[in-house]
Amino acid sequence: KAINGKYIKAMTPEKFAEYAIPYIKQSVHREDVDLNEIAKLLQARTELFTEIPEMVDFIDALPEYDIALYTHKKMKTNPENSLESLKEVLPVLEGVEDWTEKNIHDALFDLIGKLGVKNGIVLWPLRVAVSGKAFTPGGGVEISYLIGDDVIREVLECYRAAGREFDTFCCIYPTAPFITPKKLSTAMELLKDAESVMPVTSRNG
C-alpha cells in the first residue's frame, strides 16, 4: 500500500486526475463542482484509488456524524468551543463575495487574527462541519471552496448535530446590497404564515 502510494504521488497531476476522476464520480454526482480540483487535493493523500469514493462522499451530502469529532486534543477543541467558533465563522463565510479559495482563506485567517486564537480552534470545527469526517482530502478552507456556498446548509446541520436547531434562518447574499433591517423585519412577519419568503421585483420594458 505504501509503495503504491509513492507511485501515485510520483504521477503528474494530469495522469493522476485521469485515473482518479472515475473513482471520484462513484460518489460525487454534483455538476457544480470541479473534479480536477478534487483530484488535486486527493493526490497527496491517496494510496489506493479504491479508497477515493469514501474519501469524497461528503461532497454530495453531509453524512451523519458524532459530535465527538469536534474534540481534538492537539487542536484544543471540543463541541462547546467548536460551536462558538462556528457562530463566528458563519457570517464571515456569508460575507465572501467572490467564492475563491484565496478569499475564503483570507477571510478566515482575518477572523482568527481578530479572535486571537490558534488556527485549529477555527479551522478544525469548520472541517468537521463541512465534511462530517475526521480525515479529509483537504482542510476547512479547501473543502469550503469545493462545496460552494452550500456550506451554510452544512453548518446548520452541524448546529443540529450539536443539539441546537432553528425554526427559521436567513440567507443574505453579498450580491443583495439593498437589504435593509425594515425589509428583514417584514420578511419575519410574513414567515408567520408561510414556510419561506423570497424577494421578487418587477421590471418594466
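What pattern does the chain follow when read along the sequence? I read it off as α-α-α-α-α-α-α-α-α-α. The model I am looking at is predicted.

**Entry: overall make-up**

I looked up the secondary structure and noted ten helices and zero strands. The chain has 205 residues, of which 36% count as buried. I then checked how the contacts spread along the sequence. Of the contacts with a separation of 6 or more, 65% come from residues 24 or more positions apart.

**Entry: nonpolar cores**

I went to the largest nonpolar core, which has 35 residues. Phe-16, Ile-24, Ile-38 and Val-56 have the most contacts inside it. I listed the elements that give two or more residues to this core: α2 (13-27), α3 (35-42), α4 (52-55), α5, α6, α7 and α8. Another core, of seven residues, lies apart from it. I noted Leu-62, Tyr-65, Leu-86 and Val-128 among the residues of that second core.

I returned to Ile-38 to see what surrounds this residue. With neighbours within four places in sequence left aside, Ile-38 is in contact with Ile-24, Val-28, Val-33, Val-56, Ile-59 and Leu-146. Ile-24 and Val-56 from that set are also on the list of residues with the most contacts inside the core.

**Entry: α5 against α6**

Two packed helices are described by the angle between their axes and the distance between the axes. For helix α5 (residues 79-94) and helix α6 (residues 101-115) I wrote down an angle of about 140 degrees and axes 10 Å apart. α5 is therefore oblique to α6, because roughly antiparallel would need an angle over 145. The crossing of the two helices is right-handed.

Which residues of α5 and α6 meet? From α5 I have Glu-88, Val-89, Val-92 and Leu-93, and from α6 Ile-104, Ala-107, Leu-108, Leu-111 and Leu-115. By class, this contact has eight nonpolar residues, no polar ones and one charged.

I followed up on Ala-107, which sits in helix α6. Not counting residues up to four places away in sequence, Ala-107 touches Val-92 and Val-96. Val-96 is eleven residues from Ala-107 along the chain, and their C-alpha atoms are separated by 7.3 Å.

**Entry: α7 against α8**

I did the same for helix α7 (residues 119-131) and helix α8 (residues 140-147). Their axes come within 8 Å and cross at roughly 35 degrees. The crossing is left-handed. On the α7 side I recorded Leu-123, Leu-126, Arg-127, Val-130 and Ser-131, and on the α8 side Gly-140, Val-141, Ile-143, Ser-144 and Ile-147. The residues of this contact divide into six nonpolar, three polar and one charged.

**Entry: Ser-85**

Is Ser-85 buried or exposed? This residue, found in helix α5, has a relative accessible area of 6%. The cut-off for buried is under 20%, so Ser-85 counts as buried. With neighbours within four places in sequence left aside, I found Ser-85 in contact with Ile-121, Val-122 and Pro-125.

**Entry: Lys-76**

Last, I looked at a backbone angle. Most residues other than glycine have a negative phi. Lys-76 has a positive phi, near 60 degrees. I placed Lys-76 in the loop between α4 and α5. Its relative accessible area is 62%. Exposed means over 50%, so I entered Lys-76 as exposed.

How values were computed
Residues are numbered from 1 along each chain as its sequence is written. This is a predicted model: local features need pLDDT of at least 70, side-chain atom pairs count only at pLDDT 80 or more; totals for chains, interfaces and linings use all residues. Side-chain values use heavy atoms; hydrogens and water are left out. Axes are lines fitted to C-alpha atoms, for helices over the stretch in contact, and angles run from 0 to 180 degrees between N-to-C directions. Helices (H or I, at least four residues) and strands (E, at least two) are DSSP runs, numbered from the N terminus. Angles under 35 degrees count as roughly parallel, over 145 as roughly antiparallel, 65 to 115 as roughly perpendicular and the rest as oblique. A crossing is left-handed if the near helix is turned anticlockwise from the far one by less than a right angle, and right-handed if clockwise. Contact means heavy atoms within 4.5 Å. Ala, Val, Leu, Ile, Met, Phe, Trp, Tyr, Cys and Pro count as nonpolar, Asp, Glu, Lys and Arg as charged, and the others, Gly among them, as polar. A nonpolar core is a set of buried Ala, Val, Leu, Ile, Met, Phe, Trp, Tyr and Cys residues joined through side-chain atoms within 4.5 Å. Buried means under 20% relative accessible area, exposed over 50%, partly exposed in between (1.4 Å probe, protein chains only).
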